[in-house]
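Subject: The structure I promised you

Hi,

Here is the structure I said I would pass on. Have it open while you read, and my notes on what turned up are just below.

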Amino acid sequence: MASPEAPEHVVQFALDKLGGLDYLVLNHVGSAPAGTRARSAQATRGLLQVNLLSYVQLTSRALPSLTDSKGSLVAVSSLLGRVPTSFSTPYSGFFGSLRRELDVYVDVAITMCVLGLRDRAPAAEGVRGVTRATASPGPRAALAVIRGGATRASGVFYPWRFHLLCLLRGWLPRPQAWFIRQDLNISAASAS
């Protein structure tokens, strides 16, 4: 999704092969190493294309088909997509606002999934040494995403403690920062 033309081609290919869409699952990660995200304009531009602009392009292209099928959009993210932290400026989504707009016009569900670090995931390599978080089993996280999308849940949190962090975001900002610092290896992130 690093190319601005890729989202259009991906959705068109799916529509041509499948004749329509019932689900659109968005799950990808940018290529900048953790810790460098806020320091390089080029890395920020790339992350914005992969983690935001391509999501907007995929969604806008697929929305007519999802509207026809009363389908679901599933946006998979890490905690950084919901709770801003250091080095994560370009890694935020637009699906909360889109959900409010779609509520008025169409019957397309948006399930926002917040997943922790998964074992055997390529993203785990990008944050090795930067986070102290323990990786969760990938198949269990995938099952949580599937269940959430199929039941049109508004949110999925795996592991469950991420739900608590998202709730704390507005209520108690200081403890939230403490929780985040527990998982972040600040010296490794600063050295990147």
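Start with the sheet: it is open, has four strands in the order 1-2-3-4, and the pairing is parallel. Strands here are DSSP E runs of at least two residues, helices are H or I runs of at least four, and both are numbered from the N terminus. Two strands count as paired if DSSP finds at least two bridges between them. Strand 1 and strand 4 (155-158) are the edges, each pairing on one side only. From one strand to the next, the twist averages 15 degrees. (For angles, axes are lines fitted to C-alpha atoms, for helices over the stretch in contact, and the angles run from 0 to 180 degrees between N-to-C directions.)

Before you go further: this is a predicted model, so local features need pLDDT of at least 70 and side-chain atom pairs count only at pLDDT 80 or more, while totals for chains, interfaces and linings use all residues. Residues are numbered from 1 along each chain as its sequence is written, and side-chain values use heavy atoms, with hydrogens and water left out.

Back to the strands. Strand 1 pairs with strand 2 (residues 72-78) in the parallel sense over four bridges, and L26 sits opposite A75 of strand 2. Strand 3 (residues 109-115) and strand 4 are also parallel, again over four bridges; there, C113 has V156 in strand 4 as its bridge partner.

Two helices to find on the sheet: helix 2 (residues 41-69) and helix 5 (residues 138-150). Helix 2 packs against the sheet by touching strand 1 and strand 2, and its direction makes about 170 degrees with that of strand 1. Helix 5 touches strand 1, strand 2, strand 3 and strand 4, and makes about 170 degrees with the direction of strand 4. Touching, or contact, means heavy atoms within 4.5 Å.

Now look at strand 1 (residues 23-26) from the side. Which of its side chains are buried? L24 and L26 are, and they point to one face, while Y23 and V25 point to the other and are not buried. The cut-offs: buried is under 20% relative accessible area, exposed is over 50%, and partly exposed is in between (1.4 Å probe, protein chains only).

Helix 3 (residues 95-105) has buried residues too: F95, L98, R99 and L102. Seen down the helix axis, they fall within an arc of 105 degrees, so they line one face of helix 3. (The arc is taken from the directions from the helix axis to the C-beta atoms.) R100 and V104, on the other side, are exposed. The cover over the buried residues includes strand 1, helix 2, strand 2 and strand 3.

Next, a spot I enjoyed: S65, in helix 2. S65 is buried, at 13% relative accessible area. A polar atom of the S65 side chain lies 2.7 Å from the backbone nitrogen of L21. Leaving out residues up to four places away in sequence, S65 touches L15, G20 and L21. G20 belongs to the loop between helix 1 and strand 1 and is partly exposed, with a relative accessible area of 22%. The C-alpha atoms of G20 and A62 are 8.7 Å apart, although 42 residues separate them along the chain.

Last, how many salt bridges does the structure hold? Three, each being a side-chain nitrogen of Lys or Arg within 4 Å of a carboxyl oxygen of Asp or Glu. Here they are:

- E8 and R61 meet at 3.0 Å, N to O. This pair links distant parts of the chain, with E8 in helix 1 (residues 6-18) and R61 in helix 2, 53 residues apart. E8 is partly exposed at 39%, and so is R61 at 24%.
- D103 and R100 meet at 2.7 Å, N to O. Both are in helix 3, three residues apart, which is about one turn of the helix. D103 is partly exposed, at 48%.
- R152 and D107 have their closest N and O atoms 2.8 Å apart. R152 is in the loop between helix 5 and strand 4, D107 is in the loop between helix 3 and strand 3, and they are 45 residues apart. R152 is partly exposed at 33%, as is D107 at 40%.

Happy exploring!

Terms used:
Polar contact = N/O pair within 3.5 Å; in protein donor to acceptor, adjacent residues only side chain to side chain.
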